[in-house]
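User: Could you take a close look at one part of this structure for me? I would like to hear about a single helix and what surrounds it, and then how that fits with the rest of the chain.

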Amino acid sequence: MPNVAFIGGGGELAYWLELKRVFDFVEIPYPVMVLRNSFSIINAETNSAIKKLGLELNDLFKSYEELFVSMVKKITNNELELDLEKEEMKRIYGEIKSKVTPLDKSLVNHTDALLTKALNKINALEKKMLRAEKKKHQDLFQQIEFVKSYFFPKGILQERVENVLSFYTKYGSSFIDAVYDSSRPLGSKYCNLILQ
């Protein structure tokens with residue numbers, strides 16, 4: 001009997017999509033693909049850490065490095081970017097270019113090359129400034145690592161590693177009720193359940 005619909009996770013749907021030609025070949029109607037809801041379960045300790053760090057749940061989908069850098073830039077009192085200086089440098093080199101143009105047109109390209117080289121040096125300096133600031137905030141990186149490893153144990157989604165029974169054992173039938181209440185059939189969304 002052919003299926004009317006197949007409800008599954010992203011990986012399962014990708015597998016089924018590969019079978020489309022097989023269904024066509026054997027002349028069986030291809031079922032409608034429905035992406036199921038996905039969940040991350042957030043315990044009280046992790047929720048507290050998220051609030052303490054001032055994170056939005058969407059932030060947790062950023063890489064460690066991207067999240068760490070954005071947080072360092074948010075909490076530091078130091079200037080880590082030299083945008084004004086770069087603009088001033090471009091202005092100065094523009095003036096130099098206007099002075100060398102009447103002398104020799106080949107000096108224009110040379111001036112542009114000097115500007116590019118100078119901007120590359122400033123960009124390298126900015127990276128060193130950020131690296132120095134990041135060293136001061138290694139405890140912040142460890143806190144981010146704690147939260148991210150809860151959401152993405154072994155670097156993959158929590159739902160692919162954790163067994164539903166571990167949550168049921170800890171929270172009882174209220175866990176099942178919370179999952180049920182948060183589920184939106186045919187809504188295919190990512191849900192974060194905060195359980196105390």
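Analyst: Happy to help; here is a walk through helix α6, followed by the whole chain, the aromatic residues and one residue of another helix.

Please keep in mind that this is a predicted model. Helix α6 runs over residues 106–135. With 30 residues at 1.5 Å each, α6 should span 44 Å, and its end C-alpha atoms lie 45 Å apart, so the two values agree. The buried residues of α6 are V108, T111, L115, A118, L119, I122, E126, L130, E133 and K134. Note that E126, E133 and K134 are on that list alongside residues such as L115 and I122. What covers these buried residues includes α4 (64–75), α5 (83–100) and α7 (138–151).

Now for the chain to which α6 belongs. The protein chain has nine helices and four strands, and along the sequence they follow the pattern β-α-α-β-β-α-α-α-α-α-α-α-β. Its radius of gyration is 27 Å, whereas the globule rule gives 16 Å for 196 residues; the chain is therefore more spread out than a compact globule. The C-alpha trace spans about 85 × 50 × 25 Å along its principal axes. Of the 196 residues, 33% count as buried. Among contacts with a separation of 6 or more, 71% join residues 24 or more positions apart.

Next, the aromatic residues. The whole structure holds eight aromatic pairs. One of them joins F23 and Y30: their ring centres are 5.2 Å apart and their planes stand at 90°, so this pair is edge-to-face. The rings of F167 and F175, by contrast, have centres 5.6 Å apart and planes at 25°, so they are stacked. Both F167 and F175 are buried. F23 and Y30 also belong to one aromatic cluster together with F6 and W16. F23 is buried too, because its relative accessible area of 16% falls under 20%. Elsewhere, K148 lies over the face of Y64, at 5.4 Å from the ring centre.

A last stop is S182, which is found in helix α9 (residues 173–182). S182 has a relative accessible area of 18%, so it counts as buried. A polar atom of the S182 side chain lies 3.0 Å from the backbone oxygen of A178. Leaving aside residues up to four places away in sequence, S182 touches N37, F39, K189, C191 and L193.

Technical notes: Residues are numbered from 1 along each chain as its sequence is written. This is a predicted model: local features need pLDDT of at least 70, side-chain atom pairs count only at pLDDT 80 or more; totals for chains, interfaces and linings use all residues. Side-chain values use heavy atoms; hydrogens and water are left out. Helices (H or I, at least four residues) and strands (E, at least two) are DSSP runs, numbered from the N terminus. Buried means under 20% relative accessible area, exposed over 50%, partly exposed in between (1.4 Å probe, protein chains only). A polar contact is a pair of N or O atoms within 3.5 Å; within protein, one must be able to donate a hydrogen and the other to accept it, and residues adjacent in sequence count only if both atoms are side-chain atoms. Contact means heavy atoms within 4.5 Å. The expected span of a helix is 1.5 Å times one less than its number of residues. Rings of Phe, Tyr and Trp (its six-membered ring) pair if their centres lie within 6.5 Å; planes under 30 degrees apart count as stacked, over 60 as edge-to-face and the rest as tilted. A charge sits over a ring if NZ of Lys or CZ of Arg is within 6 Å of the ring centre and within 35 degrees of the ring normal. The radius of gyration is taken over C-alpha atoms; the globule rule is 2.2 Å times the number of residues to the power 0.38.
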